[in-house]
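Open the structure in your viewer and keep the selection tool at hand. Each stop on this tour tells you what to select and what is there.

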Amino acid sequence: MSDESLRPLLEVTDLAVSFPVRVGGGIWRKKRPLRAVDGVSFSIMPGETLGLVGESGCGKSTTGRAVLQLQRPTRGQVRFDGVELTALWRKRFGARVWSERLRQLRQQMQMIFQDPYASLNPRMTVEDIVSEPLRTFARLSAAERSRAVAELLVQVGLDPRFRRRYPHEFSGGQRQRIGIARALALRPRFIVCDEPISALDVSIQAQILNLLAELRRSLGLTYLFIAHDLAAVRYVSDRIAVMYLGKIVEIAPSTALCDNPLHPYTRALIAAVPVPNPQIERARKHVVVTGDLPSPLSPPSGCRFHTRCPIAIDRCRREEPALLPLTIAGSERLVACHLVREPRADTNSP
């Protein structure tokens, strides 16, 4: 086994993204930082899929965009195949822009966007949309680009005869397949899937998930799969990271996390997923989470989940828990909770 296969393809360390927001009224308005992502760290091995889950507004999509440098991080490091991406920005006319090195590396990193209706230019044909990356980066003739587009459409399950059509002539699932074909055009190694099924009908979601899984196997792709549907994330992911209010609270193998969640927020997420069996559903222990999600403009002190956690103690209000490694039943995981201890006979207790 080569050293490259033992090294993470992507390493994210202490990633933070803040947006200046004006608060107050009149002349007293002041700028305050909205900390959308605040100290996120994780790694992804080549060929692995890491699922990133959490409720709306927790910073999942911002994390994905910051990893690809579509959003410049406020602080932290993002290393792709050993190259520090955050160091590849340069100044131009007083603004920070991509360097040529970063632009070239972006060929290996692509994104599948959430909304297939908004992410495709309605004035461009399917062939123009899918071939745009090839026109930008690859030196191909028009005939070679046309053949490449036809192959990509077949690869994602679309009839290449439709390449002269416009996006409005396709269904939502077909549009998302077009977006996937565009992401594959440059043969990337890493793809951020930003909630790729949330805007689709339930009957179509499984088709897109199966397509992504098949492409991963056949092309050796590495995914960061962002979603709020735990069932979908478990289906496609090797490991799952749970995010709450800009921070990761737990990372574990997908089966281990869903069968034995440790963090109270992870338990609440899994308990909220209905089981299609009335007897099992009645017997399940439900975790009740009260209150609203705090504002990222003024996050709580200590553990950010303590304002809604049913088992919080005084230490949770005072001290922020670190994301520490823990081994349970042979599975390696990371958990940020003061109440998590070594495994006991009662596995339902933290």
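Begin by selecting Leu-230, together with Val-53, Leu-269, Ile-270 and Val-273: leaving aside neighbours within four places in sequence, these four are the residues in contact with Leu-230. The model you are looking at is predicted. Leu-230 sits in helix H8, which covers residues 230-236. Leu-230 counts as buried because its relative accessible area is 10%, and buried here means under 20%. Now add Glu-127 and draw a distance between the two C-alpha atoms: Leu-230 and Glu-127 are 34 Å apart in space and 103 residues apart in sequence.

Next, select Gln-69. You will find Gln-69 in the loop between helix H2 (60-67) and strand S4 (75-80). Is Gln-69 buried or exposed? With a relative accessible area of 1%, Gln-69 is buried. Show its side chain and look for the backbone oxygen of Ala-66, which the side chain of Gln-69 reaches at 2.8 Å. Then show Val-78, Leu-85, Thr-86, Trp-89, Trp-98 and Leu-102; Gln-69 touches these residues, not counting those up to four places away in sequence.

Move on to helix H6 by selecting residues 172-184. What should its 13 residues span at 1.5 Å a residue? The expected span is 18 Å, and the end C-alpha atoms of H6 are 19 Å apart, so the two values agree. Of the 13 residues in H6, 12 are buried. Among them are Arg-175, Gln-176, Arg-177 and Arg-182, as well as Gly-172, Ile-178 and Leu-184. To see what covers them, show strand S8 (109-112), helix H4 (126-137), helix H5 (142-155), strand S9 (190-194) and helix H7 (202-219), against which the buried residues of H6 pack.

Follow the chain out of H6 to Arg-187, in the loop between H6 and S9. Most residues other than glycine have a negative phi. Arg-187, however, has a positive phi, near 55°. Its relative accessibility is 44%, so Arg-187 counts as partly exposed. Go further along to Glu-195, which lies in the loop between S9 and H7. Glu-195 is not a glycine either, and its phi is positive, about 50°. Glu-195 is buried, with a relative accessible area of 9%.

Now turn to the open spaces. Select Arg-106, Gln-110, Pro-133, Phe-137 and Arg-182, which lie nearest the centre of the second largest pocket, out of 15 lining residues. S8, H4 and H6 are the elements that give two or more residues to this lining. Which element gives the largest share? H4 does, with 4 residues. The pocket has a volume of about 350 Å³. Its lining divides into 8 nonpolar, 3 polar and 4 charged residues.

The last stop is inside the protein. There are 3 cavities of 30 Å³ or more, and the largest holds about 70 Å³ of space. To find the largest cavity, select its lining: His-263, Pro-264, Cys-303, Phe-305, His-306, Cys-309, Ala-312, Cys-316, Pro-321, Cys-337, His-338 and Leu-339. How many of these lining residues are charged? None are; the lining of the largest cavity has 9 nonpolar and 3 polar residues.

Technical notes: Residues numbered from 1 in each chain as written. Predicted model: local features only at pLDDT ≥ 70, side-chain atom pairs only at ≥ 80, totals over all residues. Heavy atoms only, no water. 1 Å grid on protein atoms, 1.4 Å probe; cavity = no way out; pocket = protein on both sides within 12 Å on 5 of 7 lines; lining within 4 Å. Points joined across faces, edges and corners; volume = space filled by probe spheres on them. Nonpolar A, V, L, I, M, F, W, Y, C, P; charged D, E, K, R; others polar. Expected span 1.5 Å × (residues − 1). Buried < 20%, exposed > 50% of the residue type's maximum accessible area, 1.4 Å probe, protein only. Contact = heavy atoms within 4.5 Å. Polar contact = N/O pair within 3.5 Å; in protein donor to acceptor, adjacent residues only side chain to side chain.
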